Amino acid sequence: MKFSHDFLFGAASASYQIEGAWNEDGKGETNWDAFSKIPGKTFEGTNGDVAIDHYHRYKEDIQLMAEMGLESYRFSVSWARILPTGDGEINKKGLEFYNNVINECLKHSIVPFVTLYHWDLPLTLEKDGGWTNKRTAEAFVKYAEVCFRAFGDRVKHWITFNETVMFCGLGYLKGAHPPGIQNDEKKYFQATHYVFYAHAKAVEVYKNLKQYGEIGITHVFLPAYSVDGQEKNILAARHANEYETFWYYDPILKGEYPRYVVDQLKEKGWTPDWTEEELKTLKQNAGGNDFIGLNYYQPIRVEKMEEALLEQEHSRESSTLAPGNPSFDGVYRTVKMADKTYTKWGWEISPQGFLDGLHMLKGRYGDIKMYVTENGLGDEDPIIEGEIVDVPRIKYIEAHLKVIKQAIAEGIHLKGYYAWSVIDLLSWLNGFKKQYGFIYVDHQDQLNRKKKLSFHWYQHIIETRGEEL
Ligand SMILES: C[C@@]1(C(=O)O)OC[C@H]2O[C@@H](O)[C@H](O)[C@@H](O)[C@H]2O1
């Protein structure tokens, strides 16, 4: 059986990780431009000043995507190229660049799928409290409207935010991302709330513009499973799902926060300073979501933590989502299990975990349309006689596409798959060491691009619409 004709085979990237040109053509400075230059913050001091120079090589890159037969390209807009100070004057050169990228996609019949926020925040706003300040939420809504009006005649698929749990969790709990704050639960929950509020307002603005495209949000999908059948560990997995999944999906799809978490935040003094108007906005716009984007890489296996949580000193290494770490509140820890398989970065490889998780989501949220907006293998690809023979990536993606096909057959409303990433790019915490792409970038030879084995494999899958999977 083939994937249906309206299922999109895509691949993804993000502005800070590919563009470079960090201070060109009027672009404002971002939190990542500044944070990445603080000694010790990034792997081997890597940063996005040049990245893979997509800003100047986007035509070549999109041409390669066309050769792969890519049906859709998910990329993000750098807010600071459009509004250099976050909520001030529009930078026309910024609009011009993304118009060129969109037009280049359409020239090759590639559907642009645009993420408005993939972690690079204008520095002016970061310095003014970032996502813990409502000003940032209000500035985001203005920025989103500028993008809708500038690109919405050609862009019909919009993602507001990428992986809120990552930029809020790493920004305010682990300190591995800007603003580099550790263990501040109150700020963490406040930031997530203002992101959800900004999302709901952006949905409202988009629907009022009547551009008749679709809008949603992309979350990490990290289904938690108990390590065994013990009641205490089953409850620990429930706790993990409440904080890592339902806290993120409920306010978007139900328009209200999960009671389980709200009650506990109240006890601990972590409740966001929200207003009735903000909560009403979430409720009123929940129905406006056309889809939810899932970034699935792995499930987590959890057990109850018995010992008290000591104040955690986090590091970049302890922030790369490998198992064996306690949850921020010390209720559970993630566990690496002997009978599972893992990537070089310790992420479990579990297509079955994805399938089971999809049914959990459908059980809680009904028949909401879903896209897999990221899935892929972070690896150090083998090079044999000058060829990048990334067979592990082919096996990883093949296994997940098989499960996606099965999920659709079992009634899950999945309408697209975006591999992370279309091309090797800068990893926030792993520099250029952790590769995800179908296209190799040679940092020893002028960032020249080279097709990997997986490029040809994915080209065949798209051509045959996955019939043989
Ligand atoms: C943490 C990490 C990684 O480096 O493996 O997860 C997978 C992927 O998620 C994306 O949303 C990030 O933009 C990209 O940089 C990757 O980040």
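The following legends describe an overview and three close-up views of a predicted model.

**Figure 1. Overall fold of the protein chain in the predicted model.** The protein chain contains 15 helices and 15 strands. Its radius of gyration is 21 Å, close to the 23 Å that the globule rule gives for 469 residues, so the chain is as compact as a globular protein of that length. Along the principal axes, a box of roughly 55 × 55 × 45 Å holds the C-alpha atoms. Of the 469 residues, 62% are buried. When contacts between residues at least 6 apart in sequence are considered, 77% of them link residues at least 24 apart. The accessible surface amounts to about 17400 Å², and carbon and sulfur atoms account for 51% of this area. The chain carries 54 positive and 67 negative charges, and the mean positions of these two sets lie 3 Å apart.

**Figure 2. Surroundings of E374, a residue of strand β10.** An unreviewed UniProt entry lists E374 under "active site". Strand β10 spans residues 370–374. E374 has a relative accessibility of 4% and therefore counts as buried, the cut-off being under 20%. With residues up to four places away in sequence set aside, E374 touches R74, H118, N162, E163, L294, N295, Y296, Y297, Y418 and W420. These partners include the run L294, N295, Y296 and Y297, as well as the charged residues R74 and E163.

**Figure 3. Helix α11 and the elements that cover its buried residues.** Helix α11 comprises residues 259–268. Its buried residues are V261, V262, Q264 and L265. In an α-helix there are 3.6 residues a turn, so residues three or four places apart point the same way. The cover over the buried residues of α11 includes helix α9, residues 185–209, and helix α10, residues 231–253. After α11 comes G269, which has a positive phi near 75°.

**Figure 4. T42 in the loop between helices α2 and α3.** The flanking helices are α2, residues 31–35, and α3, residues 54–68. Although T42 is found in a loop, T42 is buried, with a relative accessible area of 4%. Apart from neighbours within four places in sequence, T42 is in contact with W32, S36, R316 and W428. Of these partners, W32 falls within the residue range of α2.

Notes. Residues are numbered from 1 along each chain as its sequence is written. This is a predicted model: local features need pLDDT of at least 70, side-chain atom pairs count only at pLDDT 80 or more; totals for chains, interfaces and linings use all residues. Side-chain values use heavy atoms; hydrogens and water are left out. Helices (H or I, at least four residues) and strands (E, at least two) are DSSP runs, numbered from the N terminus. The radius of gyration is taken over C-alpha atoms; the globule rule is 2.2 Å times the number of residues to the power 0.38. Buried means under 20% relative accessible area, exposed over 50%, partly exposed in between (1.4 Å probe, protein chains only). Contact means heavy atoms within 4.5 Å. Accessible areas come from the Shrake-Rupley method with a 1.4 Å probe; for residues, only the protein chains shown count as cover. The place of a charge is taken as NZ of Lys, CZ of Arg, CG of Asp or CD of Glu. UniProt positions are given in the numbering used here, feature names are shortened, and annotations may be inferred rather than shown by experiment.
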